[in-house]
Amino acid sequence: MDVKKHHQKSNFFVKWFLNNRFSIALLNILLFFLIILVFNQISFVLNPFWTFFNAIFPPILVASIQYYLMDPVVDWMEKKLKVPRIITIILLFVIVVGGLIWIINTLIPIIQHQTDSLVKNWPTYWKDAQKGFEKMIRDPRLNGVRGGINQAISDAQTKIFKTGQDSFNLALSNLSSAVNVITMIFMTLLTAPFVLFFMLKDGHRLNPYVTKFAPKKLQPSFSSLLSDINGAVASYIRGQITVAFWVGVMFAIGYSVIGLNYGITLAVLAGILNMIPYFGTFIAFIPAIILGLISSPMMLIKVLIVFAIEQTLEGRVISPLVMGNKMNMNPVTTILLLIGASAVAGLWGVIFAIPVYAVIKIIVTRLFNYYRKISNLYDDESIEDSDTQGSKE
């Protein structure tokens, strides 16, 4: 009798723990977090590796962005025109250097002149804005809320002054950090072209090389996974930079047509901030509204018209042609993702949130599809539908 009970207990343990996929999955998750806990306790061992990563990450990031912009040209020249990759890479480098020389000689002086003028005239603009605002709040219809408005203005001025003073003190205390940042920028500009050259030359061999380390049975799936990740990141980077470029061009043309002061600088700022999805263009539009309001009511209307035209062209023409629906993300998901990423990692979180999300989504989707195939919880039709949807994504 005891032997039978022992056998039943053994079968129960084997059934619910050793041969249960859910239990095994929970144990694996537990082991994963235990490993993280252990590494957190011995983080000092990993500090040299983290320092090494921080040193090589900036040039690799810069080179990777340029790689995704240039690689399609190199591939097309090699496949269609039979031009060796080395020759195409050298020609692209010459074009990029020529473009940088043009920017340094033409665009940078304009931006520098407009920025210096804006800094010089800002006190006058600020006084004019204060006078206009004070004139507006003298309206008899605002008698009931004038005290609250004045208090809000006073609080805002105090906070702005305190923030500026704190930022100045922080900059002085972190002077050595500023030197480190300048050194990092110099080393990035020095090493990124070399990294980019070899990425363009041998980047197409990376997928087969990495795939060789996977088990034989998993190599086709692993190679497809790497291709999907590479395609998603490439689509995002190329799309964002292309859209940002045309946003800057449209604002530059629009501001020049209406004669807005500092239009080129504001257009460049709009193009750069457009790299932040949904919010970037609106953030860059704030100084344009302020300058338009200071200039005249008619200039403010012109600025609003330029913004409306730019948003229409970007939303109806440029973004659909360039980006399409390649990221396959719901706008609500994107906005919530950006808000959460900004709270966790600030500006870097906003910039990298969408591509990181796309990569994680691809990996999780493939793992889930694999689980559906090996488990008996889904029918064949639902698995095929899932595979079809995953291939479209």
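**View 1. R85 and D75 meet in a salt bridge.** In this predicted model, the closest N and O atoms of R85 and D75 sit 2.8 Å apart; a salt bridge here means a side-chain nitrogen of Lys or Arg within 4 Å of a carboxyl oxygen of Asp or Glu. R85 belongs to helix 4 (residues 85-137) and D75 to helix 3 (residues 43-80), so this pair ties together parts that are 10 residues apart in sequence. Helices (H or I, at least four residues) are DSSP runs, numbered from the N terminus. Both partners are tucked away: R85 is buried with a relative accessible area of 7%, and D75 is buried with 19%. For the cut-offs, buried is under 20% relative accessible area, exposed is over 50%, and partly exposed is in between, with a 1.4 Å probe and protein chains only. Pull in D71 and E78 as well, and you have a network of salt bridges linking D71, D75, E78 and R85. The model's count comes to 6 salt bridges.

Some housekeeping: this is a predicted model, where local features need pLDDT of at least 70 and side-chain atom pairs count only at pLDDT 80 or more, while totals for chains, interfaces and linings use all residues. Residues are numbered from 1 along each chain as its sequence is written, and side-chain values use heavy atoms, with hydrogens and water left out.

**View 2. D202 pairs with K201 and with R205.** The D202–K201 salt bridge has an N to O distance of 3.4 Å, and the closest N and O atoms of R205 and D202 are 3.5 Å apart. D202 is partly exposed at 24% relative accessible area, and K201 is partly exposed too, at 29%. R205 is exposed, at 52%.

**View 3. Helix 8 and the largest nonpolar core.** Helix 8 (residues 219-258) runs for 40 residues and reaches 58 Å from its first C-alpha to its last, close to the expected 58 Å; that expectation is 1.5 Å times one less than the number of residues. Just after helix 8, G259 takes a positive phi of about 75°. The largest nonpolar core has 48 residues, a core being a set of buried Ala, Val, Leu, Ile, Met, Phe, Trp, Tyr and Cys residues joined through side-chain atoms within 4.5 Å. Helix 8 supplies the largest share of this core, 14 residues. Among the residues with the most contacts inside the core are F251, Y255, I258 and L260. Leaving aside neighbours within four places in sequence, L260 is in contact (heavy atoms within 4.5 Å) with Y255, L266, A288, L291, G292, M299 and V303.

**View 4. N274 in the loop between helix 9 and helix 10.** N274 is buried, at 7% relative accessible area. Neighbours within four places in sequence aside, its contacts include Q240, V243, A244, V247 and E314.

**View 5. Two spans listed as "transmembrane region" in an unreviewed UniProt entry.** Residues 243-270 and 335-364 are among those listed there; such annotations may be inferred rather than shown by experiment. Residues 243-270 are 86% helix and 0% strand, with end C-alpha atoms 11 Å apart. Residues 335-364 are 100% helix and 0% strand, and their end C-alpha atoms are 21 Å apart.

Notes. Helices (H or I, at least four residues) and strands (E, at least two) are DSSP runs, numbered from the N terminus.
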